[in-house]
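Reader: Could you take one part of this model and walk me through it closely? I'd like to hear about a single sheet, strand by strand where you can, and then what surrounds it.

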Amino acid sequence: MTVNENIKKIRVGTASCGLAAGGAAVLEALHLHAPNIDIDEVGCLGHCYAEPMVEVVTNDGKSYLYAGVDDQESAISSILSLSDKFRFKIPPVRESKELLKVLKLAGKICPTSYDEYVANGGYAALKKALANTPEWVINEIKESGLRGRGGGGFPTGVKWSFLATKEAEQKILICNADEGDPGAFMDRSLMESVPHQMLEGMLIGAYATGATRLIIYCRAEYPLAIKHLKIAIEQIYQNGLNKIEGRELDIMIKEGAGAFVCGEETSMIASLEGKRGTPRFRPPFPTDRGLNNFPTSINNVETFGNIPLIIKDGAESYAAIGTAGSKGTKLFALAGDLKYPGLIEVPMGTTLSEIVFGIGGADPEKVKAVQTGGPSGGCIPKSLFDTPVDYDSLKSLGAIMGSGGMIVISNERCMVETARFFLDFTHRESCGKCTFCRVGTTRMYETLERIVAGNGKREDLDFLENIGPKIIKGSLCGLGQTAPNPVLATLRYFRNEYEDHVLRGQCSALQCNNLVDVVLFKDNCIKCRLCIKNCPVNAISDDFVVDNNLCTRCNTCIEICPKKTIARTKRGEVVNDKI
Amino acid sequence: MNDYSYLKEIDKEHSNLIKGLQLIQAHEGYVSDESIRAASDYFGIAEVEIEGVLTFYAQFKRIKPGKNKISICDGTACHIKGSKQIIEWVSSELGIKSGETDSDGIFSLETVACLGCCSLAPVMSINGKIFGKLDRKSTIKILKEYKKQ
């Protein structure tokens, strides 16, 4: 295979999504066919839909992106000869809307190379911080307007100042890397792609607050992130960066064991102490009495990732980005029914339609809503997509910013079922300490389960609206206080869908199995009998009629029909294939 | 009686209990009654308290997993893309429900909150290998491949 002699370096994306799409095989094939070329494994460029991705850098400094490649000859030879096949262009809308600050180095440098991070301006912010006083650092963070990126939105500078003013034998700084929201992967990508950036933020935090113990509480489900962090911490020790003003810092990783509630500060502390992760009453706040009763500040991965930017460029230039109440940029994990799922970074204040239709390339005809904030958030209907994305605007709509999961929902998805899905999650993850959360979320779940099964009553809707605010009021921690959001928000914006279920026994999105019929429209049928042969329960008769009492709605016939003449319909709407 | 000397890698502090249990699971594949007794002896924590911690966290398994461990992602993106049906198909194909291991110890099935590859949804993993963009046909085909082995 010929290798273009102009090639200087090849970068292969091998973060989790790159590997899942087959990045490892591509890497191996490139090594095999171009043994003399420098090949780097890099993190995530954020274009998940285009994985596996390869970047070729030439001697004259040009960069060529290849996407959707595999380990077969046509892809590999195209990369090595710099041909146009498999060449990738970033969608222009995305390029114009995105502002890469926190993710600037993601996918560009080798995550496990300390030298590359330093060569790209890494640890300059730490140096600058150390040349100033801790008070100056905290003031800069306050001035920047940075708010906690984990969802709460508490001003980071204020939290740090609480810790800085405490006199204690030991102070602790914890990085919350327990990204438990289903559908969110911002923190994973950042840790996998540029682990040093977040660690630099922690070191600056340690200097500013006087903390000497740094703990990263990371999900055990993120083995690659943990691996990269471990290597990066080792490099910090080797380069003596853990010695700040004569204090020696102790940096360690603790692996979480899979409990959503541990994203809550006081639960995380209980978990770090080796106990069940249940929250406790606040005050005392962790900055007064945290882990093992020592003053503790807990900040999120993305928050720490922002710190070096603020210190390096100054609070003023950081605060110039964003809206009045929300400064800087925000990462979002964009997924669901859209063309370009991936990890994006936009300035605060970008509107939902710019994100969903512009960057995400979703079809405006087909989109119904967007879900933000995971199981703690709400669904925002298309009619409100002009809303700017910032902490306060989203809250006023009954959703939340959350940590940054953003799921686009099309017309084919049932909102009641979506709410049921989130409550299924929260009622299982409720730790059980507060009665309203433990029993309330379970009752909400059971009610929704009944509605999607077609057994709902009108009173069920009143019940949901009544119990929701009570759960919010009667729960100690963020889990219970936000758990009813998905239900209350869908009831607010998509009441018609709930009413379709309980009053008419229909699911307009044709998703709830008990509320749909499967119909074979005979007009287009070519009598190929594929549906009859493949039906696992023999529900289709020899004269091509689906027996809906036997049918399990498994979709086999719908998928297999070459003429697409079998479809789901609203229950009772179609009789003998005529509407 | 298994050998639990690997526990000595970590200190006996209470705060290391979860780490210790993770270590046990990494060695044994799950946490058996016998391992609970070993952890109780080592850390000086009552068995009942350890059981409490085990049941609290989703990561810990109390049933021996099968040779092929299937995890079906039911995160938001996968759910939106139809993971519920994937679970039903796999379940009926293998005759086991989520959280179970079949009687021959060949397959075990679980649903997980998020495997972190939302752009490939719906996704399942078998022994850590990710299979994305599943539909009924591809799901059944993958299972048949593993059955042959």
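Author: Sure, let's take the open sheet of five strands in chain A, which has the order β12-β11-β15-β13-β14 and mixed pairing. Its edges are β12 (342-347) and β14 (378-381) of chain A, and each of these pairs on one side only. On average, neighbouring strands in this sheet are turned by 30 degrees against each other, direction ignored. Keep in mind that this is a predicted model.

Now zoom in on β11(A). On one side, six bridges join β11 (residues 329-336) of chain A to β12(A), and the two run antiparallel. They make a hairpin, with five residues between β11(A) and β12(A). If you want to follow the pairing in your viewer, Thr329(A) stands opposite Pro347(A) in β12(A), while Ala333(A) has Leu343(A) of β12(A) as its bridge partner.

Then there's the link to β15(A): four bridges join β11(A) to β15(A), this time in parallel. Here you can pick out Leu334(A), which stands opposite Met406(A) in β15(A). As background, strands of a sheet pair through backbone hydrogen bonds, either parallel or antiparallel.

What about the side chains? In a regular strand they alternate between the two faces of the sheet. In β11(A), Thr329(A), Leu331(A), Ala333(A) and Ala335(A) point one way, and Lys330(A), Phe332(A), Leu334(A) and Gly336(A) point the other way. Both sets are buried, so β11(A) counts as mostly covered, with eight of its eight residues buried, a label that takes 20 or more other C-beta atoms within 10 Å.

The strand also has a part in the contact between chains. In total, 40 residues of chain A are in contact with 31 residues of chain B. β11 and β15 (405-410) of chain A each supply at least two residues of the side that touches chain B, as do α1 (16-20), α12 (265-272) and α24 (556-560) of chain A. By class, that side of chain A has 18 nonpolar, 14 polar and eight charged residues.

Finally, hop over to the edge strand β14(A). The buried residues of helix α21(A) pack against β14 of chain A, and also against several helices, including α17 (415-429) and α22 (495-504). Helix α21 (residues 485-493) of chain A is itself mostly covered, with eight of its nine residues buried. Among them are Pro486(A), Val487(A), Leu488(A) and Tyr493(A). In the domain assignment of chain A, domain 3 spans 329-410 and domain 4 spans 415-504.

How values were computed:
Residues numbered from 1 in each chain as written. Chains lettered and ligands numbered in written order. Predicted model: local features only at pLDDT ≥ 70, side-chain atom pairs only at ≥ 80, totals over all residues. Pairing = 2+ DSSP bridges. Axes fitted to C-alpha atoms, helices over the stretch in contact; angles between N-to-C directions. Buried ≥ 20, exposed ≤ 12 C-beta atoms within 10 Å, placed from the backbone. Contact = placed C-beta atoms within 7 Å. Nonpolar A, V, L, I, M, F, W, Y, C, P; charged D, E, K, R; others polar. Domains from an automatic or database assignment.
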